[in-house]
Each structure stands twice: as C-alpha cells, then as structure tokens.
Amino acid sequence: MDVIEELDNPHVPIAQACAALGVSRATLYRQTRPAPAPAPPRPAPSPRRLSDPERKAVLDVLHSDEFVDQPPPEVYATLLSRGVYLASIRTMYRLLAASGERGERRAQRGPINLPERAWPRAQFAREWAKT
C-alpha cells in the first residue's frame, strides 16, 4: 500500500499499479480515505404522538379560565367525568413542560406575616385560657 501511495509517476495509473502488486483498488481507497463516522440513528416519531392541532387543543384547555389553576390530574378527572378524553395525565405534564410551565399551577399567595410572640409561652397560654 505504501508503495502505491508513494508512486508519483503520472504515466503509471493507479489501476495498473494495483494490478501489478495484486492489491484491490477498493482496498487502497478504503485504507487511504477512512469512512466518515456514521451518524447516530434518529428514532422515528411514535405513531401515537399527538399532532400539532391536538397538542394545541390540550394546551388551550389547560390554559382556559376553568383549569388554569388546576394540576393535570384534576383537569383529567374533570374532563373524564364529562366524557371528554384529550390526553393522558403524563402527556399533559409533558406538554406543559415543553411550553416552559413546569412550576406550580395554583395561584400562590405571598408569605404570611405573623406577629412575633412577645410573651413567653406560659404567659401566652394563661392569657389564651382567659379568653
């Protein structure tokens, strides 16, 4: 192989040099030009995957005024009791995560500011018992 690769004579074609040495041209080309690394296979999309309009319909229901503060299990149960099936609970969570809504869906109130206890515990209990 090295002899053929080092052959720099334009009057001797590579095919004749390979034939004279008993080497296949394909082998020569394979060894001098390694094949590129194969691309990792991409998994085929699932045939059960929701289409874009179906995904939009599920997100629209989850964003509706009625369900905006409810977690997917409650939305699923409410819709199922009405005889409507849009998607599984896990799919609802997956769609919310894909749209960047992983957090809590309930309307959250701020921290409760309780007054600090000014009285010792025993005195507080006595005062509480009087009332």
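The accessible surface of this chain comes to about 11,100 Å², and carbon and sulfur atoms hold 56% of that. Before I go on, note that this is a predicted model.

First, the overall layout. The chain has 131 residues, and 13% of them are buried. Its secondary structure consists of seven helices and zero strands, so reading from the N terminus you get α-α-α-α-α-α-α. As for contacts with a separation of 6 or more, 41% are between residues 24 or more positions apart.

Now the pocket. The largest one has a volume of about 210 Å³. Which residues line the largest pocket? From the earlier part of the list, we have Arg48, Arg49, Leu50 and Arg55. The rest of the lining is Tyr85, Ala87, Ser88, Thr91, Arg94, Leu95 and Ala98. By type, that lining divides into five nonpolar residues, four charged and two polar. Helix H6, residues 89–98, supplies four of the lining residues, which is the largest share.

I'll finish on one residue of that lining, Thr91, which sits in helix H6. Is Thr91 buried or exposed? Its relative accessibility is 18%, and the cut-off for buried is under 20%, so Thr91 counts as buried. The Thr91 side chain also makes a polar contact, at 2.9 Å, with the side chain of Ser88. Ser88 is itself on the list of residues lining the largest pocket, so this contact joins two residues of the lining.

Key:
Residues are numbered from 1 along each chain as its sequence is written. This is a predicted model: local features need pLDDT of at least 70, side-chain atom pairs count only at pLDDT 80 or more; totals for chains, interfaces and linings use all residues. Side-chain values use heavy atoms; hydrogens and water are left out. On a 1 Å grid over the protein atoms alone, a cavity is a set of points where a 1.4 Å probe fits but cannot get out, and a pocket is an open set with protein on both sides within 12 Å along at least five of seven lines; lining residues have an atom within 4 Å of a point. Grid points are joined across faces, edges and corners, and a volume is the space filled by probe spheres set on the points. Helices (H or I, at least four residues) and strands (E, at least two) are DSSP runs, numbered from the N terminus. Ala, Val, Leu, Ile, Met, Phe, Trp, Tyr, Cys and Pro count as nonpolar, Asp, Glu, Lys and Arg as charged, and the others, Gly among them, as polar. Buried means under 20% relative accessible area, exposed over 50%, partly exposed in between (1.4 Å probe, protein chains only). A polar contact is a pair of N or O atoms within 3.5 Å; within protein, one must be able to donate a hydrogen and the other to accept it, and residues adjacent in sequence count only if both atoms are side-chain atoms. Contact means heavy atoms within 4.5 Å. Accessible areas come from the Shrake-Rupley method with a 1.4 Å probe; for residues, only the protein chains shown count as cover.
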